[in-house]
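Please read the following report with the sequence and the 3D structure side by side. It follows a sheet strand by strand and then turns to a single side chain elsewhere.

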Amino acid sequence: MPDIILIVEDEPHMGTILQDYFAAHGVESDLASDGDTALDAFARRDYDAVLLDVMIPGLDGYGVCRAIRRESSLPILFLTALGGEEQALYGYSLGADDYVTKPFSLALLLAKTTALIRRSRGTEDGALICGAIRLEPGPMLCTVSHNQVKLSPREYQLLLCLLRNRGKVLSREQLLTRVWGWDFEGGDRAVDVQVKNLRAALGDAGKQIKTVFKAGYKLEAE
C-alpha cells in the first residue's frame with residue numbers, strides 16, 4: 001500500500017503539480033485548499049505525513065499544525081514563502097518536523113517527506129512496527145515475531161489504522177470512518193467483530209490491541 005499524504009495548498013496550480021509529482025513516485029495524496037478542509041480530511045483519513053502551506057484561507061497553517069499536534073505525531077512539513085528565521089522557529093515550536101521555503105526542488109521535497117515518514121515509523125524500509133507486530137505497507141505483509149500472518153483485507157486495513165495511530169485511543173466511530181468509509185451504513189458492532197477477528201489472527205500479539213472502556217481501542221507495544 002502506498003504512502004498517503006495530505007497536501008494543504010491554496011494555489012490550485014501548485015497543488016496539482018505536487019499531487020502529480022508525488023503520484024509519479026508512488027505516493028498517494030489528498031489536496032485541501034484551506035485550514036478547515038484540511039482538518040476535516042485529517043479527521044476522516046489516516047495520513048503518513050502532511051505538507052502544509054502556512055498562508056492558507058481561514059485557519060492558517062500554524063493553526064492547522066497546532067490542531068493536528070493535539071491528536072497525532074505524524075510528520076508535518078511546512079511549505080511557505082516566509083523564509084525568515086523567526087517564522088521557521090515558530091513553526092518548529094508548534095511541532096513541525098521540517099520547513100521548506102518556496103520556491104523549492106520537488107525532488108528535495110519528496111526526499112524530505114519520505115525520510116520523515118520512515119523516521120516516524122522507526123525503520124529504514126518504511127515498515128510499521130509495534131511490539132511483536134510488523135506491517136510492511138508496500139507488499140502488504142504482516143509478521144508477528146518474524147512469522148508471517150495471513151489477514152483478510154478488512155483486518156489488514158484495521159491493523160494499518162491502529163499501527164498508524166499506535167498508542168492513541170480511536171473510537172469506534174473513528175475506526176468506522178477510516179476503515180469502512182464515511183458512507184458505511186452498519187453500526188459499531190462491525191468494529192467489535194473485526195477487532196475480535198484481528199486479535200485471533202495475531203495470536204498472542206492480539207493482546208496488544210487494548211479495549212478502552214467507553215472510548216474505543218488502541219494498539220500498544222505490550
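## A sheet and its strands

Strand S1 and strand S3, which covers residues 49–53, pair in the parallel sense, and four bridges hold this pairing. Before going further, it should be said that the model is a predicted one. Within the pairing of S1 with S3, Ile7 has Leu51 of S3 as its bridge partner.

S1 also pairs with strand S2, which is made of residues 28–32, and here the two strands run parallel and are joined by five bridges. In this pairing, Ile4 stands opposite Glu28 of S2. The path from S1 to S2 includes helix H1, residues 12–24, and together S1, H1 and S2 make a β-α-β unit that is right-handed.

Farther along the sheet, strand S4, residues 76–80, is joined to S5 by four bridges, and these two strands run parallel as well. Leu79 has Val100 as its bridge partner in S5.

The three pairings described so far can be set side by side.

| Strand pair | Bridges | Sense |
|---|---|---|
| S1 and S2 | Five bridges | parallel |
| S1 and S3 | four bridges | parallel |
| S4 and S5 | Four bridges | parallel |

Taken as a whole, the sheet is open and has five strands, which follow the order S2-S1-S3-S4-S5 with parallel pairing. The edges are occupied by S2 and by S5, residues 98–101, and each of them has a single partner strand, so one side of each is left without a neighbour in the sheet. From one strand to the next, the twist averages 20 degrees. Helix H2, residues 35–44, packs on this sheet and touches S1 and S2, while its direction makes about 165 degrees with that of S1.

Why can strand S1 be called largely enclosed by the rest of the structure? S1 consists of residues 4–8, and five of its five residues are buried, so the strand is largely enclosed by what surrounds it in the structure. The covering applies to both faces, since Ile4, Leu6 and Val8 are buried on one side, and Ile5 and Ile7 are buried on the other.

## A residue in helix H8

Gln194 belongs to helix H8, which covers residues 189–202. Is Gln194 buried or exposed? Its relative accessible area is 13%, and because buried means under 20%, Gln194 counts as buried. When residues up to four places away in sequence are not counted, Gln194 touches Ser152, Arg154, Glu155, Leu158 and Trp180.

Definitions and conventions: Residues are numbered from 1 along each chain as its sequence is written. This is a predicted model: local features need pLDDT of at least 70, side-chain atom pairs count only at pLDDT 80 or more; totals for chains, interfaces and linings use all residues. Side-chain values use heavy atoms; hydrogens and water are left out. Buried means under 20% relative accessible area, exposed over 50%, partly exposed in between (1.4 Å probe, protein chains only). Two strands pair if DSSP finds at least two bridges between them. A crossover is right-handed if, with the strands pointing away from the viewer, the path from the first strand over the helix to the second runs clockwise. Axes are lines fitted to C-alpha atoms, for helices over the stretch in contact, and angles run from 0 to 180 degrees between N-to-C directions. Contact means heavy atoms within 4.5 Å.
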